[in-house]
Amino acid sequence: MAAGSGSLMWFRKGLRIHDNPALEYASKGSSFMYPVFVIDPHYMEPDPSAFSPGSTRAGTNRIRFLLESLVDLDLNLKKLGSRLLVLKGEPSQVLTHCLKEWNVKKLCFEYDTEPYYHALDRSVKDYASSAGIEVSSPVSHTLFNPADIIEKNGGSPPLSYQSFLKLAGEPSWASSPLSIRVSSLPPVGDVGSCEVSQVPTMEELGYVDNDQDELTPFRGGESEALKTMTESLSNKDWVANFEKPKGDPSAYLKPATTVLSPYLKFGCLSSRYFYQCLKGVYKNVKRHTQPPVSLVGQLLWRDFFYTVAFGTPNFAQMKGNSICKQIPWNDDEQLLAAWRDAKTGYPWIDAIMVQLRKWGWMHHLARHCVACFLTRGDLFVHWEKGRDVFERLLIDSDWAINNGNWLWLSCSSFFYQYNRIYSPISFGKKYDPKGNYIRHFLPILKDMPDEYIYEPWTAPLSIQIKAKCIIGRDYPKPVVPHDLASKECRRKMGEAYALNQKLNRLVSEEDLRNLRRKLEEDEDQESNPIRSQRQKLNG
């Protein structure tokens, strides 16, 4: 047990030294400091029953990215006279034990808006308060404190981006210098009986090399984050003219975005520092794009989703979510598996899903395409099912943003123009007419001629034989005919919207069951051309 004035710095996200108010406060006036990260078995231990390698919650790409970020954090702490203490177990129990053992006066950690962390933080805070330990939990993962925005809006979150911008204004810290460089930190105190270890390897966590032929090209850590940001900002014209949703979703050798999202997700990069750096670039150019399409606009979108998620009960589901339209989605595990496993028979969709599984990342427009296809575009499968796949496989999976985007892209909330559908054939062709992206991620189609690469089922058998890819044997036929399926989806969305409007969004489970029954009866009366066409395509 260490003597003197000590503090415990609990890292969760915010895996960085720069602009880390919790770390700054933990080190201030402390004669020793314990920088702690707790490995939660629920998040990290292998789950053999999951549909992809990884734990119950995350795929191996994200776990590897996190471990790389922790190794980098440990190295950066060592440069400042400290080191990262890694402990294992249920976080609130581990933290409570450490607080009892180490006789610290301060517990510091970055504030987190996710429901999981709310419950966790409450139990740790309760113990700390009862033990007379000061708790500091500053907001630094976002540009604004979501609670402040909600308070300004009279107690509820703003539900449009523009209303969010009006309420938010300029961040209070924006014109002040952030604490970017740290010269030294207090030494680590005596760890006593607490079982402290180094950052584990994937193998030590129980993962075996699965011989995947292509791993994610993105490496975790604050050092990599700052390097990537610097490289992006060095092209001032590109920064000034950045305009989302423009950009090439098929660009994989050099992605058409910053690819900073995983670093922002884990807090390897401070969104506040990125914001200030972007503003610095804007000051030195004649003109630049504005929110919502600019790079600063993307940071503000992030805060918008964080705010709505924080202020909306049951945000991560359809049921009981006041801002989500109630829609009788299909519960078709076969269609879900075909989408998830890149076996839809639509090369553009399947290539994106292969990139997701191999890299843990894809361009935002690629995400839009596959989300639309699964839900309101073609398959009419519940957005929550797609959200779960993204949540597992994306290295930048972020609770508020992932759920917000699925609500948006399924036309369940925020965006309601359900007639606007991404074509699984023509959309990718606009950017990549030769299908190079498809050929890279679906090598079985690498020899298919350009004119058939997006619709290989239309190629004559002689062409398929020459391309060494027989459709229906080497690569699947389409799971649904797009033209018929999208027309049927539009009809179902129209009926669901009408029901939500009629009942003023107070749609019960029984109402949904009745609508689902009606839609099925309508399909039967029309002899269901989709089902017969699907049987024909797959027969």
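The paragraphs below lead through one helix, the spaces within the structure and the aromatic rings, all as they appear in a predicted model.

A convenient place to begin is helix α12, which runs over residues 295-311 and has 17 residues. From its first C-alpha to its last, this helix reaches 25 Å, close to the 24 Å expected at 1.5 Å a residue. Helix α12 is also mostly covered, since 15 of its 17 residues are buried.

From this helix we can turn to the open space around it. The largest pocket holds about 1400 Å³ of space. Of the 46 residues that line this pocket, the closest to its centre are Lys 244, Gln 298, His 364, His 368 and Asn 405. Helix α12 is among the elements that give two or more residues to the lining, together with α10 (261-265), α15 (364-377), α17 (399-409) and α18 (426-431). When the lining of the largest pocket is sorted by class, there are 27 nonpolar, 10 polar and 9 charged residues.

Enclosed spaces are present as well, for a search of the whole structure finds 3 cavities of 30 Å³ or more. The largest cavity contains about 40 Å³ of space, and the residues that line it are Tyr 111, Asp 112, Thr 113, Val 139, His 141, Thr 142 and Tyr 306. By class, the lining of this cavity divides into 3 nonpolar residues, 3 polar residues and 1 charged residue.

The aromatic rings offer another way to read the structure, which holds 38 aromatic pairs. A pair of aromatic rings is described by the distance of the centres and the angle of the planes. In the case of Trp 339 and Phe 390, the ring centres lie 6.2 Å apart and the planes stand at 20°, so the pair counts as stacked, the cut-off for stacking being under 30 degrees. Because Trp 339 lies in helix α13 (residues 333-340) and Phe 390 in helix α16 (residues 383-393), the pair ties together parts that are 51 residues apart in sequence. Trp 339 is buried, with a relative accessible area of 0%, and Phe 390 is likewise buried, with a value of 4%.

Other rings gather in a group: Phe 144, Tyr 161, Phe 164, Trp 301, Phe 304, Phe 305, Trp 408, Phe 414 and Phe 415 form one aromatic cluster. Rings also meet charged side chains, as where the charged end of Lys 106 sits over the ring of Tyr 25, 4.4 Å from its centre. In a further case, Arg 340 lies over the face of Phe 51, at 4.7 Å from the ring centre.

How values were computed: Residues are numbered from 1 along each chain as its sequence is written. This is a predicted model: local features need pLDDT of at least 70, side-chain atom pairs count only at pLDDT 80 or more; totals for chains, interfaces and linings use all residues. Side-chain values use heavy atoms; hydrogens and water are left out. Helices (H or I, at least four residues) and strands (E, at least two) are DSSP runs, numbered from the N terminus. The expected span of a helix is 1.5 Å times one less than its number of residues. Buried means under 20% relative accessible area, exposed over 50%, partly exposed in between (1.4 Å probe, protein chains only). On a 1 Å grid over the protein atoms alone, a cavity is a set of points where a 1.4 Å probe fits but cannot get out, and a pocket is an open set with protein on both sides within 12 Å along at least five of seven lines; lining residues have an atom within 4 Å of a point. Grid points are joined across faces, edges and corners, and a volume is the space filled by probe spheres set on the points. Ala, Val, Leu, Ile, Met, Phe, Trp, Tyr, Cys and Pro count as nonpolar, Asp, Glu, Lys and Arg as charged, and the others, Gly among them, as polar. Rings of Phe, Tyr and Trp (its six-membered ring) pair if their centres lie within 6.5 Å; planes under 30 degrees apart count as stacked, over 60 as edge-to-face and the rest as tilted. A charge sits over a ring if NZ of Lys or CZ of Arg is within 6 Å of the ring centre and within 35 degrees of the ring normal.
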